[in-house]
Amino acid sequence: MMEYLTLFRSVLTVAAVLILTWWCSRLLGKQWVMKASPASGHIRLIEQLQVGQDKRILLLKVGEEHYLVGVSQAGVQLLSKVEGTFEKADEPENIKPPVSTGLPFSDFVRKHLEELQERMGGKP
């Protein structure tokens with residue numbers, strides 16, 4: 001009977017440690033996310049476009065420059081530097097459309113992807 005109590009106490013201790021670990025990781029994770037706020041850094045995500053199940057194209061502002069970046073399970077790849085002025089989609093009503101294109105972001109990306117394919121000889 002005593003060995004069952006010892007076993008039960010051990011299982012209960014392991015479960016308590018696991019629950020405490022999970023709770024602490026969630027608490028610390030929330031604090032780290034707040035500290036790493038993109039608004040305080042030099043890199044801002046302007047917009048993103050989902051192009052596959054695990055593939056996205058990001059429009060990033062780094063300093064005063066804009067870049068298209070591809071993100072997939074294989075990694076992150078710089079697609080091109082982009083000219084123009086872009087504003088974050090969820091900012092107030094005084095949003096200006098991109099100066100150089102006048103196209104929605106998804107059309108802008110498709111246009112640049114088509115140009116890239118033409119330069120590569122039609123290869124996807």
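Arg44 stands opposite Lys61, a residue of strand β2, and this facing pair is a convenient entry to the sheet of a model that is predicted. The strands β1 and β2 (residues 55-62) pair in the antiparallel sense, with 8 bridges between them, and a hairpin through 2 residues leads from β1 to β2. Gln50 also has a counterpart in β2, where Arg56 stands opposite.

Arg56 leads onward to the next strand, since the bridge partner of Arg56 in β3 is Val71. Between β2 and β3, which run antiparallel, there are 7 bridges. These two strands form a hairpin with 2 residues between them, and in its turn Gly63 has a positive phi of about 65°.

The step from β3 to β4 is again a hairpin, joined through 2 residues, and the two strands pair in the antiparallel sense over 7 bridges. Two bridge partners can be named here: Ser72 is matched with Gly75 in β4, while Tyr67 is matched with Lys81 in β4.

The table below gathers the three strand pairs described so far.

| Strand pair | Sense | Bridges | Link |
|---|---|---|---|
| β1 and β2 | antiparallel | 8 bridges | hairpin through 2 residues |
| β2 and β3 | antiparallel | 7 bridges | hairpin with 2 residues between |
| β3 and β4 | antiparallel | 7 bridges | hairpin through 2 residues |

**The sheet as a whole**

Taken together, the 4 strands form an open sheet in the order β1-β2-β3-β4, with antiparallel pairing. The edges are held by β1 (43-52) and β4 (75-82), each of which has a single partner strand, so one side of each is left without a neighbour in the sheet. On average, and with direction ignored, neighbouring strands of this sheet are turned by 25° against each other.

Helix α2 (residues 105-119) lies across β1, β2, β3 (65-72) and β4, and the helix runs at about 70° to β1.

**The salt bridge**

The structure holds 1 salt bridge, formed by Glu65 with Lys81, whose closest N and O atoms are 2.9 Å apart. Because Glu65 lies in strand β3 and Lys81 in strand β4, the pair ties together parts that are 16 residues apart in sequence. In general, side chains of opposite charge can pair when their charged atoms come close. Both partners retain some accessible surface: Glu65 is partly exposed, with a relative accessible area of 31%, and Lys81 is partly exposed as well, with a relative accessible area of 45%. Lys81 thus appears in two roles, as the salt-bridge partner of Glu65 and as the bridge partner of Tyr67 between the strands.

**The first helix and its surface patch**

Helix α1 (residues 2-35) includes Tyr4, a residue that is exposed, with a relative accessible area of 58%. Tyr4 belongs to a nonpolar patch on the surface, which it forms with Met1, Leu7 and Val11, and the four residues together have about 510 Å² of accessible area.

**The chain overall**

How many helices and strands does the chain contain? There are 2 helices and 4 strands, and from the N terminus on these elements run α-β-β-β-β-α. Of the 124 residues of the chain, 15% count as buried, and the accessible surface comes to about 10100 Å², of which 61% belongs to carbon and sulfur atoms. Among contacts between residues at least 6 apart in sequence, 20% join residues at least 24 apart.

Definitions and conventions:
Residues numbered from 1 in each chain as written. Predicted model: local features only at pLDDT ≥ 70, side-chain atom pairs only at ≥ 80, totals over all residues. Heavy atoms only, no water. Patch = residues over 30% accessible without salt bridge, like charges linked within 9 Å, V, L, I, M, F, W, Y side chains within 5 Å. Areas by Shrake-Rupley, 256 points an atom, 1.4 Å probe, with all protein chains shown as cover. Salt bridge = Lys/Arg side-chain N within 4 Å of Asp/Glu carboxyl O. Buried < 20%, exposed > 50% of the residue type's maximum accessible area, 1.4 Å probe, protein only. Contact = heavy atoms within 4.5 Å. Pairing = 2+ DSSP bridges. Axes fitted to C-alpha atoms, helices over the stretch in contact; angles between N-to-C directions.
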